[in-house]
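Please work through the following exercises with the sequence and the model at hand. Attempt each task before reading its solution.

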Amino acid sequence: NEQSALLYFEKYFPEFKDQPQWLDITKGMFVEIMKKNINADGSYIESTSGYTNSAFEQFFTFRKTLMEMGEDPGDEYNERLLRAAVYNAILVLGNGRGLAWGDANSGSKGAGIYEEFAKLFDNEKIFTNEEIKEIVELNNMDEFRYIDNYARKGDAPSWTSIHYPDSKRVLMRSDWSKNSVSLFTEVNGLRQHGHADDNAIILAAFGRTLLTDAGRFSYQRGG
């Protein structure tokens, strides 16, 4: 939040002679913060589906604000942001319910909630980078839209399952529709906001959740 406040100060008060230097410092800090919170493969560092969206939103807002200022955070930031978007978009069961994994509620994910992000990355040169294509296997944002819209919009990717080596998580599904068979598991050891249940699986099929994590009960003592 401190870095965001500094960024907005630089945006709305560009007349200060040191503003370009401050902006470079802020961009550098955000890149380092992202590298500490988002793994190189796009997965979130904590063992929960509960905090990854809020973290992603802050990094996405930073990117949008820089674009409004005619600035860019650089390829490294953009590539990791794209991988994080894919991670967040697929971190749900086939029926659209959240994983309720670690300290998280289940909730549900509506179709097309990442459309603003997709528009931001349309026609970006980022897809010419073979390294990122190898990791997230996307050729264009229409394939991302297909995932985000439960197969009702866009173009189907060539894959339906993915392994995140940095966080040792696997998401598998039979297809991208809400009736798909989908499974999630992690073998990363207990990390922040996680539970001591390595190798447990979360499973959904035919629009219903069949096996679930306990999710978040309460942060309050006694219930």
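The exercises below go from the whole chain to its helices, its core, its strands and two single residues.

This is a predicted model, in which local features need pLDDT of at least 70 and side-chain atom pairs count only at pLDDT 80 or more, while totals for chains, interfaces and linings use all residues. Residues are numbered from 1 along each chain as its sequence is written, and side-chain values use heavy atoms, with hydrogens and water left out.

**Exercise 1. The whole chain**

Describe the secondary structure of the protein chain and state what percentage of its residues count as buried.

Step 1. Helices (H or I, at least four residues) and strands (E, at least two) are DSSP runs, numbered from the N terminus. On this basis the protein chain has seven helices and five strands. Their order along the sequence is α-α-α-α-α-α-α-β-β-β-β-β.

Step 2. A residue is buried at under 20% relative accessible area, exposed at over 50%, and partly exposed in between (1.4 Å probe, protein chains only). Of the 223 residues, 46% count as buried.

Step 3. Contact means heavy atoms within 4.5 Å. Among contacts in the chain with a separation of 6 or more, 60% come from residues 24 or more positions apart.

**Exercise 2. Helices α3 and α4**

Compare the end-to-end distance of α3 with its expected span, then do the same for α4.

Step 1. The expected span of a helix is 1.5 Å times one less than its number of residues. For the 17 residues of α3 this gives 24 Å, and the end C-alpha atoms lie 25 Å apart, which agrees.

Step 2. Helix α4, with 16 residues, reaches 23 Å from its first C-alpha to its last, close to the expected 22 Å.

Step 3. Consider next the surroundings of each helix. The buried residues of α3, including Phe56, Phe59 and Phe62, pack against α1 (2-12), α2, α4 and α5. In α4, 14 of the 16 residues are buried, so this helix is largely enclosed by the rest of the structure.

**Exercise 3. The largest nonpolar core**

Identify the residues that touch the most other members of the largest nonpolar core, and the helix that gives the most to this core.

Step 1. A nonpolar core is a set of buried Ala, Val, Leu, Ile, Met, Phe, Trp, Tyr and Cys residues joined through side-chain atoms within 4.5 Å. The largest one has 44 residues, and Phe56, Phe59, Tyr77, Leu81, Phe117 and Phe144 touch the most other members.

Step 2. Elements that each supply at least two residues include α2 (19-37), α3 (52-68), α4 (75-90) and β4 (201-205). The most come from α4, with nine residues.

Step 3. Take Tyr77 as an example. Leaving aside neighbours within four places in sequence, Tyr77 is in contact with Phe30, Val31, Met34, Phe59, Phe62 and Arg63.

**Exercise 4. The paired strands**

Determine which strands pair with β3 and with β4, and in which sense.

Step 1. Two strands pair if DSSP finds at least two bridges between them. Strand β2 (residues 169-173) runs antiparallel to β3, with five bridges joining them. Here Val170 has Thr185 as its bridge partner.

Step 2. Strands β3 and β4 are also antiparallel, over four bridges, with Ser182 partnered by Ala204. Of the five residues of β3 (residues 182-186), four are buried.

Step 3. Strand β4 pairs with β5 (residues 208-211) in the antiparallel sense over three bridges. Two residues lie between the strands of this hairpin, and Phe206 takes a positive phi near 55°.

**Exercise 5. Two buried residues with polar side chains in contact**

For Lys27 and Asn149, find which backbone oxygen each side chain reaches.

Step 1. Lys27 belongs to helix α2 and is buried, with a relative accessible area of 15%. Its side chain reaches the backbone oxygen of Asp72 at 3.2 Å. Leaving aside neighbours within four places in sequence, Lys27 is in contact with Phe62, Leu66, Glu71, Asp72 and Pro73.

Step 2. Asn149 lies in the loop between α7 and β1 and is buried, with a relative accessible area of 11%. The side chain of Asn149 reaches the backbone oxygen of Arg145 at 2.8 Å. Beyond neighbours within four places in sequence, Asn149 is in contact with Ala111 and Gly112.

Conventions:
Polar contact = N/O pair within 3.5 Å; in protein donor to acceptor, adjacent residues only side chain to side chain.
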